[in-house]
Amino acid sequence: MVTKLIKDLLNESIIEEPWRTNADSLWIVLPITKVPSKDRTYILFSEFKDKISVKEIGIVGKVEVQNQSDSSVFFKAGEVLIGTTQERAIVNSQIVESQEKRELEVVCIHRSRGLNYGSSFTYGGYTPYEVHK
């Protein structure tokens with residue numbers, strides 16, 4: 001029974017990149033996400049990164065996103081944005097419609113580098129709630 005449950009879970013899931021809470025930790029987190037439903041009317045930022053532009057606008061608490069796809073895109077609170085400047089985490093979950101440009105509220109999660117107006121960000125995984133609350 002347990003074997004069947006594990007097989008069913010793995011058939012309906014995607015195993016994401018494992019991560020540690022810090023370099024000294026013996027624990028790892030292995031994110032397992034559900035395979036997207038075909039009935040959804042939106043896509044996740046993590047599923048469609050190449051059609052989404054995320055840019056630095058010179059304000060630590062905001063980034064500009066432009067959805068260049070033909071679908072609505074869901075940005076989940078806690079998703080990490082990695083770029084040449086400070087890494088950020090999205091504060092509030094929201095949907096950006098097709099061809100829409102919008103500013104998203106973010107929180108800095110890596111302060112050792114300065115801002116670089118116009119530089120790009122890429123999807124960098126997910127951060128625990130304690131980091132982006």
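This is a quick walk through one sheet and the salt bridges in a single structure.

Okay, so up front: what we have here is a predicted model. Let's begin with the sheet. It's an open one, three strands, ordered β3-β6-β9, and the pairing is mixed. On the edges you've got β3, at 42–44, and β9, at 94–96, and each of those pairs on one side only. Going from one strand to the next, the twist averages 35°.

Now look at β6, residues 72–75. How many bridges join β6 to β9? Three, and those two strands run antiparallel. If you want a residue pair to click on, take V73, whose bridge partner in β9 is V96. As a general reminder, strands in a sheet pair through backbone hydrogen bonds, parallel or antiparallel.

Right, on to charges. Side chains of opposite charge can pair when their charged atoms come close. In this model there are two salt bridges.

Let me take E56 with R88: their side chains meet at 2.7 Å, N to O. E56 sits in strand β4, residues 52–56, and R88 in strand β8, residues 88–90, so this pair ties together parts that are 32 residues apart in sequence. Are E56 and R88 buried or exposed? Both are buried.

Then there's R102 with E100, where the side chains meet at 3.0 Å, again N to O. Here the accessibility numbers are worth a look. R102 has 25% relative accessibility, so it counts as partly exposed. E100 comes in at 22%, so E100 counts as partly exposed too; the cut-off for buried is under 20%.

That's my bit, over to you.

How values were computed
Residues numbered from 1 in each chain as written. Predicted model: local features only at pLDDT ≥ 70, side-chain atom pairs only at ≥ 80, totals over all residues. Heavy atoms only, no water. Pairing = 2+ DSSP bridges. Helix = DSSP H or I, 4+ residues; strand = E, 2+ residues; numbered from the N terminus. Axes fitted to C-alpha atoms, helices over the stretch in contact; angles between N-to-C directions. Salt bridge = Lys/Arg side-chain N within 4 Å of Asp/Glu carboxyl O. Buried < 20%, exposed > 50% of the residue type's maximum accessible area, 1.4 Å probe, protein only.
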